[in-house]
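Open the model in your viewer and keep the selection box ready. The tour moves from the whole chain to its pockets, then to its cavities.

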Amino acid sequence: MGFISSLLARVNIAKPESEWRDEFRNSIITCHMGLERDQTKLCFFASFHPQGLISPFVLAYLRALRENGFDIVLCKTSPVLDAGTLESALSLCHKIIHRENIGYDFASFRTCFDVVDDWQQATAILFTNDSILGPLCSLSPLFAEMDNRPEVFWGLNDNYQGKYHFQSFFLYCKAPVLESKAFLHFWMDLEILDDKKEIIAQYEVGFSRRMIRAGLSHAVLFPIGATLDCCKRLGSAFQYPEIFKKKTVNTTRYCWYELIEYLNYPFLKSEIPRDNHYKSQQINKVSDILKRALPESSWAYLEDVIAPLDDDLNH
């Protein structure tokens with residue numbers, strides 16, 4: 001049964017599959033088979049690299065997800081795929097999709113449904129991407145907490161920018177979410193959009209808002225209130241006291257160091273070493289922090305991640 005057919009059957013809508021969009025399936029260039037399905041949870045992982053590489057950080061994240069009981073569908077929107085790193089990733093993934101670079105992450109997530117016929121049997125689906133570097137510590141305690149607590153919809157971080165939502169780089173949906181009409185209608189309604197602001201509003205912010213409005217029980221692992229309380233306790237050691245007066249704060253930007261060092265946060269947003277927009281006083285510690293995620297044989301890759309930062313610091 002196709003993706004749309006399965007959705008229509010579950011929400012009891014009498015509309016033939018031929019009348020629904022097929023641009024997601026048509027965007028697939030190739031689909032590479034990896035491991036057989038043997039886990040109860042699924043991960044849909046959106047990724048892009050300009051040279052088609054699957055970076056050491058992505059491989060480390062895939063390995064950690066596999067160790068935590070996930071069958072993984074990796075969706076790459078790079079111009080080409082690098083054969084060497086593709087082979088490494090196939091040893092960790094159920095399937096790897098190479099698709100046209102249209103529609104950003106949520107279009108990639110939607111395309112993943114088309115290549116997994118039995119996604120409805122999963123006990124949970126994780127939607128994630130390569131905008132985070134890590135993991136910097138074990139993910140097992142986090143998944144244990146999410147699986148053992150009654151809430152069915154989870155994020156790593158919440159955010160009030162725009163409207164209240166869970167940050168979209170890590171969204172964990174347990175079976176009651178997968179079975180809900182809100183979830184099914186979201187994916188049926190999804191279109192390939194070109195406008196980034198509209199994508200953020202409708203999908204990156206809109207997905208979690210729709211799940212929450214539907215009454216699905218929800219929680220975040222690193223809530224904004226607890227993160228800011230941690231930063232306040234540091235007193236003058238915290239660089240950005242002005243954020244305590246703001247109504248909207250992205251803690252993964254302003255509090256990244258405190259999240260990692262004091263709250264055992266497992267990731268660093270890739271924009272921190274790439275851009276350092278907020279001139280963090282802790283930025284010189286990034287290299288040592290990121291080494292936690294990689295074997296020593298991959299440390300040379302860090303030069304690609306933090307070299308622009310080092311140039312900026314020298315001026």
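One term is needed before the stops: a pocket is an open set of grid points with protein on both sides within 12 Å along at least five of seven lines, and its lining residues have an atom within 4 Å of a point. Keep in mind that this is a predicted model.

**Whole chain**

Select the protein chain and colour by secondary structure. You should find 16 helices and 12 strands. Orient along the principal axes: the C-alpha atoms fill a box of roughly 60 × 45 × 35 Å. The radius of gyration is 20 Å, which agrees with the value near 20 Å for a compact globule of 315 residues.

Now switch on the surface. The chain exposes about 14,100 Å², and carbon and sulfur atoms supply 49% of that area. Of the 315 residues, 53% are buried. How far apart in sequence are the contacting residues? Taking contacts between residues at least 6 apart, 75% join residues at least 24 apart.

**Largest pocket**

Select D130, S131, K269, S270 and R274. Of the 47 residues lining the largest pocket, these lie nearest its centre. The pocket's volume is about 1,400 Å³.

Next, colour the elements around it. Strand 2 (41-47), strand 3 (70-76) and strand 6 (132-133) are among those that each supply at least two lining residues. So are helix 3 (56-67), helix 5 (104-114) and helix 9 (196-204). Add helix 14 (271-275) and helix 16 (302-313), which also reach at least two each. Which helix gives the most to this lining? Helix 5 does, with four residues.

Colour the lining by class. It shows 20 nonpolar, 17 polar and 10 charged residues.

**Second largest pocket**

Keep helix 9 on screen and add helix 10 (206-213). Each supplies at least two residues to the lining of the second largest pocket. Helix 10 gives the most, with four. The space here is about 170 Å³.

For the full lining, select Q161, G162, K163, I200, A201, V205, G206, R209, R210 and R213. By class, that is three nonpolar, three polar and four charged residues.

**Cavities**

Clip into the interior. How many cavities of 30 Å³ or more does the structure hold? There are three.

Start with the largest cavity, at about 70 Å³. Select A237, F238, Q239 and Y240, then Y254, C255, W256, Y257 and E258, then S280, Q281 and Q282; together they line this cavity. Highlight helix 13 (256-263), which gives the most to the lining, with three residues. What is the class split of this lining? It divides into seven nonpolar, four polar and one charged.

Move to the second largest cavity, with a volume of about 40 Å³. Select Y240, R253, W256, I272, N276, H277, Y278 and S280, which line it. The class count is four nonpolar, three polar and one charged.

To finish, show both cavity linings at once. Y240, W256 and S280 appear in the lining of the largest cavity and also in that of the second largest. Then bring back helix 9, which supplies at least two residues to the lining of the largest pocket and at least two to that of the second largest pocket.

Terms used. Residues numbered from 1 in each chain as written. Predicted model: local features only at pLDDT ≥ 70, side-chain atom pairs only at ≥ 80, totals over all residues. Heavy atoms only, no water. 1 Å grid on protein atoms, 1.4 Å probe; cavity = no way out; pocket = protein on both sides within 12 Å on 5 of 7 lines; lining within 4 Å. Points joined across faces, edges and corners; volume = space filled by probe spheres on them. Nonpolar A, V, L, I, M, F, W, Y, C, P; charged D, E, K, R; others polar. Rg over C-alpha atoms; globule rule 2.2 N^0.38 Å. Buried < 20%, exposed > 50% of the residue type's maximum accessible area, 1.4 Å probe, protein only. Contact = heavy atoms within 4.5 Å. Areas by Shrake-Rupley, 256 points an atom, 1.4 Å probe, with all protein chains shown as cover.
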